[in-house]
Amino acid sequence: MATEAEGARSARLFFALWLPAGVARSLHSVADGVVGRCGGRLLNQDSFHLTLAFLGDVPAPRQPELLELASGFELPSVAIRLDKLDYWKHNQILWAGCREPEPVLLALAATLQEKLLAVDFLTETRPLLPHVSLVRKLLHPDVLPDLDPFEWSADELVLARSCRSGRGAEYEAMARWPLA
Ligand code: 2AM
């Protein structure tokens with residue numbers, strides 16, 4: 001039986017598409033070049049992902065409900081093409097994204113968010129700005145390199161937990177479901 005302390009534990013959760021290892025490795029190498037010139041904290045390539053829906057803190061008692069719900073989602077797989085590097089000054093993030101996000105990718109995120117909103121796991125839906133964060137705390141970017149496009153088919157939905165550590169946030173997959 002869960003103790004009171006365990007029962008009170010919540011987790012910071014999000015649904016995402018994880019990058020295949022080969023794509024992650026190549027992007028990591030591109031980002032490493034930027035960090036070599038401009039500084040910043042290069043993120044772990046094993047945790048490169050594209051977030052579809054961010055839930056924030058989910059109380060422990062609702063987590064089994066979320067897992068049960070997600071197992072019935074039946075969402076489609078999507079083709080992804082990452083073909084640009086960009087930088088957000090407000091949070092100092094270097095990221096990879098899509099020049100023209102595929103409508104099916106935007107629709108996947110919208111459908112997922114609506115399903116979560118309907119059962120109060122989200123309080124609002126937000127249009128997706130597809131991005132994969134590569135470097136944090138990049139203060140002074142210079143001219144960013146062009147990105148040779150990376151394409152793959154995302155065929156797995158991942159529910160992940162964000163945990164704080166001494167080296168910033170770390171991400172851990174909690175569960176995975178195939179996308180058809
Ligand atoms: P980021 O990489 O741009 O910070 C876990 O924190 C994941 O959820 C990351 O992909 C993070 O995006 C994203 N995320 C964090 N807070 C968010 C929010 N309020 N809305 C949408 N996505 C968020």
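Which side chain meets Arg-81 in a salt bridge? The partner is Asp-83, with 3.2 Å from N to O. What you have in front of you is a predicted model, and this pair is a good place to start reading it. Arg-81 is partly exposed, because its relative accessibility is 35%. Asp-83, in contrast, counts as buried, since its relative accessibility is 8%. The pair does not stand alone: salt bridges with shared partners bring Arg-81, Asp-83 and Glu-151 together in one network.

Let us stay with charges for a moment. Side chains of opposite charge can pair when their charged atoms come close. Across the whole structure, a search turns up nine salt bridges. One of them links Arg-37 to Asp-142, whose closest N and O atoms are 2.9 Å apart. Arg-37 belongs to helix H2 (residues 21–38), while Asp-142 sits in the loop between strand E7 (131–136) and strand E8 (150–154), so this salt bridge ties together parts that lie 105 residues apart in sequence. Both ends are partly exposed: Arg-37 has a relative accessible area of 47%, and Asp-142 has one of 38%. Another salt bridge joins Glu-65 and Arg-62, and here the closest N and O atoms are 2.8 Å apart. Glu-65 is partly exposed at a relative accessible area of 38%, and Arg-62 is likewise partly exposed, at 23%.

Arg-37 has already taken us to helix H2, so have a look along its length. With 1.5 Å for each residue, the 18 residues of H2 should span 26 Å, and the end C-alpha atoms are 25 Å apart, which agrees. Which residues of H2 are buried? They are Val-23, Ala-24, Leu-27, His-28, Ala-31, Val-34, Val-35 and Cys-38. These residues lie on the same side of H2, because the arc they cover around the axis is only 125°. The spacing in the list reflects a general rule: an α-helix has 3.6 residues a turn, so residues three or four places apart point the same way. On the other side of H2 you will find Arg-25 and Gly-36, which are exposed. The cover over the buried residues of H2 includes strand E2 (41–42), together with E4, E6, E7 and E8. Just beyond the helix comes Gly-39, with a positive phi near 80°.

Now turn to helix H4 (residues 103–118), which can be read in a similar way. At 1.5 Å a residue, its 16 residues should span 22 Å, and the end C-alpha atoms are indeed 22 Å apart. The residues of H4 that are buried are Leu-105, Leu-108, Ala-109, Leu-112, Gln-113 and Leu-116. They are on the same side of H4, since they take up an arc of only 120° around the axis. Turned away from that buried side is a face that carries the exposed residues Pro-103 and Ala-118. What lies over the buried residues of H4 includes strand E1 (10–18), strand E3 (49–59), helix H3 (63–70), strand E4 (78–82) and strand E9 (156–165). Strand E4 is thus part of the cover for H4, and E4 is also part of the cover for H2.

The backbone just after H4 deserves a glance too. Asp-120 lies in the loop between H4 and E7, and its phi is positive, about 65°, although Asp-120 is not a glycine. This residue is exposed, as its relative accessible area is 61%. Gln-92 is another residue other than glycine with a positive phi, in this case near 60°. You can find Gln-92 in the loop between strand E5 (84–88) and strand E6 (93–97). Gln-92 is partly exposed, with a relative accessible area of 26%.

Finally, what surrounds the ligand? Around the ligand are Phe-14, His-49, Thr-51, Phe-54, Ile-93, Arg-126, His-131, Ser-133, Arg-136 and Tyr-171. Three of these names are worth following to their side chains. For Thr-51, an N or O atom of the side chain is 2.7 Å from an oxygen atom of the ligand. For Ser-133, the corresponding distance from a side-chain N or O atom to a ligand oxygen is 2.6 Å. For Arg-136, an N or O atom in the side chain is 3.1 Å from an oxygen atom of the ligand.

Note on methods: Residues numbered from 1 in each chain as written. Predicted model: local features only at pLDDT ≥ 70, side-chain atom pairs only at ≥ 80, totals over all residues. Heavy atoms only, no water. Helix = DSSP H or I, 4+ residues; strand = E, 2+ residues; numbered from the N terminus. Expected span 1.5 Å × (residues − 1). Buried < 20%, exposed > 50% of the residue type's maximum accessible area, 1.4 Å probe, protein only. Arc of directions from axis to C-beta. Contact = heavy atoms within 4.5 Å. Salt bridge = Lys/Arg side-chain N within 4 Å of Asp/Glu carboxyl O. Near = heavy atom within 4 Å. Polar contact = N/O pair within 3.5 Å; in protein donor to acceptor, adjacent residues only side chain to side chain.
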